Amino acid sequence: MLKLIQVLWPSFAVAALAEAVFFTVIDPQELYLFGQVVHYGALATYSIAFLGFWLVCAASSLSTLFLQRSAADINRRN
Amino acid sequence: MSSPSPKPQQAQKSKAPQSSDTLYESRKKLYVRAVTGVFANWRWALVWITQILFYGLPWLSWNDRQAVLFHLAERKFYIFGTVFWPQDVFFLAILLIISAYALFFFTAIAGRLWCGYACPQTVYTEIFMWIEQKIEGDHIRRQKLDQAPMSANKLFRRSAKFLVWGLVALWTGFTFVAYFSPTSELLEAARTFSFGPWELFWILFYGAFTFLFAGVLREQVCKYMCPYARFQAVMFDPDTLVITYDEARGEPRGVRKKGVDPRSLGKGDCIDCGICVQVCPTGIDIRDGLQYECIGCAACIDACDQVMDKMNYPRGLIRYTTENALKKNWGNKEIVAHVFRPRTLIYGTVLAVVCLAFVWGLASRDPLRVDVIRDRASLAREVEGGQIENVYRLHVMNMAESTRTFTFEVSGLPGVKIAGGPPRIEVGPASTQSVTLQVLVPYDAGKPGSNEIEFLITAEDDPSLSLREETTFLLPR
């Protein structure tokens, strides 16, 4: 549970920040997806982008957690 | 946020023997005793104010539109008479600076005022605990109910509590989404339950997290998730008002009969009733000194004052005071005098200056903006009568709250004119209108290549409102 929160919570906060900064600078109508203009509604674009940011940030948190394991943790046999 | 040297050691010591999973799971569930008093009243006042604002604002109208709406689809933020466009991101930055400095300022003066009285986590926990108290009874009954085996009564009270919590949470989620998607449309969707998938997703998402944070996680959010709790210490100094147990007066603590002079027993004023611990929403003992878990809610002050009243001791064994005041036996006068110190004066000055800049910037915002975009498809075209045509698209942004008509003129080259005569366009309140202009110039009017020209856009009803936008006119070589 702790690990889950350690991964999901900071990444949520950073994703919210990234979302705010990204979309104040970029209009979703200027985005292209696989060469096509993004045709989703505004709310859908913002939501998908947010979840995307969250996923990327969570991946980063997860890697941190993974690399933070001590030698003792890695050597320990189950 | 780098921690001072003793901290990592402590953290290791407390963490090493146990698996890290236990940090959240072995949490001792708190049965927080309800409290009344001056500070509890202040908190409830702020619960009312913030929630009337939060739940109420999406229902207000202003100039035939929702008064407060962060309209994502239109990329415009409506806040009563003011409309923010993506170009106004500058104001958002200033707003963040204001929030940060306000936090520094108030924390330096009186500690975690925000956490104790106004933070949504505190406010919703307060509401959810009130519901819990109404349905499951006081802290003792709640604990008994938790320990009791499942029965009809337990099932009923549990379900009732979760149901009411769920309704409040859903309503909170709905209100949250109503800030981004017009309330009228949401209501219409609610009537027929035809929400857009993402609207429904965010209502449930926000609602579920309200439920989880205010109902289940509570103090753990403050203790483990909140970043402010981690760096608050850098804003504290010995003159910061914090909730403090007066150790010199209280110790040695101990039980005694009412009416006996504690000094004759060799005791201090603390009767060790433990109520300050029972009312603490984060489950700490304030008598151990200032701790990072303390959210500054002052519940222990209210509780202790009532006990002191019953014992006929003076109030304030636990009170808002400063480290210096306690050490040097200062009265209120000296404490107030030390509110004005370089730190708070600097924070206060910066805060005032940035607030003024915000207001000034808002007041002197141009009510008209125009973007000129050259048509890239046809750079320059020869038309009848030996004239050269360039095509421009003008985005006219009317920031005002009324419909305005704008006229266009062009200058900069001899004989330059707009095909079909100068156009007029009407732009609605706080909206954008695009217009395509074909500009004609005799072929020998300028040098081959790019020549500077200028559009003059003027409001018909107010000729003083005009804007010049430069662009280039291409003549073929």
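# Close-up views of a predicted model

**View 1. One salt bridge is found across the interface of domain 1 of chain B and domain 2 of chain B.** Please keep in mind that this is a predicted model. The salt bridge joins the side chains of B:Arg369 and B:Asp88, with a distance of 2.9 Å from N to O. B:Asp88 falls in domain 1, which covers residues 21-365, and B:Arg369 falls in domain 2, which covers residues 368-475. Between these two domains there are also 2 residue pairs in polar contact, with both residues of each pair at pLDDT 80 or more. Sorted by class, the side of domain 1 that touches domain 2 has 5 nonpolar residues, 3 polar residues and 4 charged residues.

**View 2. Here we step back to domain 1 and domain 2 of chain B as a pair.** Their C-alpha centres are 55 Å apart. Domain 1 of chain B gives 12 residues to the contact and domain 2 of chain B gives 8 residues. About 720 Å² is buried between the two domains of chain B, and carbon and sulfur atoms account for 48% of that area.

**View 3. Chain B meets chain A, and the focus moves to the contact between them.** On the chain B side 17 residues take part, and chain A contributes 20 residues. Together the two chains bury about 1800 Å², with 75% of this on carbon and sulfur atoms. How many salt bridges does the rule find across the interface of chain B and chain A? The count is 0 salt bridges. Polar contacts are another matter: 6 residue pairs make them between chain B and chain A, both residues being at pLDDT 80 or more. On the side of chain B that touches chain A, the elements giving two or more residues are α2 (22-25), α4 (89-110) and α10 (197-217). Helix α10(B) supplies the largest share of that side, 5 residues. By class, the residues on this side of chain B are 12 nonpolar, 1 polar and 4 charged.

**View 4. This view shows stretches of chain B that UniProt annotates as "transmembrane region".** The unreviewed UniProt entry places this feature at residues 30-57, 77-104, 162-180, 200-217 and 345-363 of chain B. Two of these stretches make a good pair to look at. Over residues 200-217 of chain B, the model is 100% helix and 0% strand, and 24 Å separates the end C-alpha atoms. Over residues 77-104 of chain B, the chain is 57% helix and 21% strand, with the end C-alpha atoms 27 Å apart.

**View 5. B:Arg343 and B:Asp237 form a salt bridge through their side chains.** The distance from N to O is 3.8 Å. B:Arg343 sits in helix α18 (residues 342-363) of chain B, while B:Asp237 is in the loop between α12 (227-231) and β6 (242-245) of chain B, so this pair ties together parts that lie 106 residues apart in sequence. Over all chains, the count comes to 25 salt bridges.

**View 6. Two loops of chain B invite a look at the backbone, one holding B:Pro252 and the other holding B:Arg75.** B:Glu251 and B:Pro252 are joined by a cis peptide bond, with omega about -10°. The loop that holds B:Pro252 runs between α13 (247-250) and α14 (275-278) of chain B. Where in chain B is B:Arg75 found? Look in the loop between β3 (68-71) and β4 (76-79) of chain B. The phi angle of B:Arg75 is near 55°, a positive value in a residue other than glycine.

Methods:
Residues are numbered from 1 along each chain as its sequence is written. Chains are lettered from A and ligands numbered from 1 in the order in which they are written. This is a predicted model: local features need pLDDT of at least 70, side-chain atom pairs count only at pLDDT 80 or more; totals for chains, interfaces and linings use all residues. Side-chain values use heavy atoms; hydrogens and water are left out. Domain bounds come from an automatic or database domain assignment. Contact means heavy atoms within 4.5 Å. Buried area is the accessible area (1.4 Å probe) that two parts lose on being put together, summed over both. A salt bridge is a side-chain nitrogen of Lys or Arg within 4 Å of a carboxyl oxygen of Asp or Glu. A polar contact is a pair of N or O atoms within 3.5 Å; within protein, one must be able to donate a hydrogen and the other to accept it, and residues adjacent in sequence count only if both atoms are side-chain atoms. Ala, Val, Leu, Ile, Met, Phe, Trp, Tyr, Cys and Pro count as nonpolar, Asp, Glu, Lys and Arg as charged, and the others, Gly among them, as polar. UniProt positions are given in the numbering used here, feature names are shortened, and annotations may be inferred rather than shown by experiment. Helices (H or I, at least four residues) and strands (E, at least two) are DSSP runs, numbered from the N terminus.
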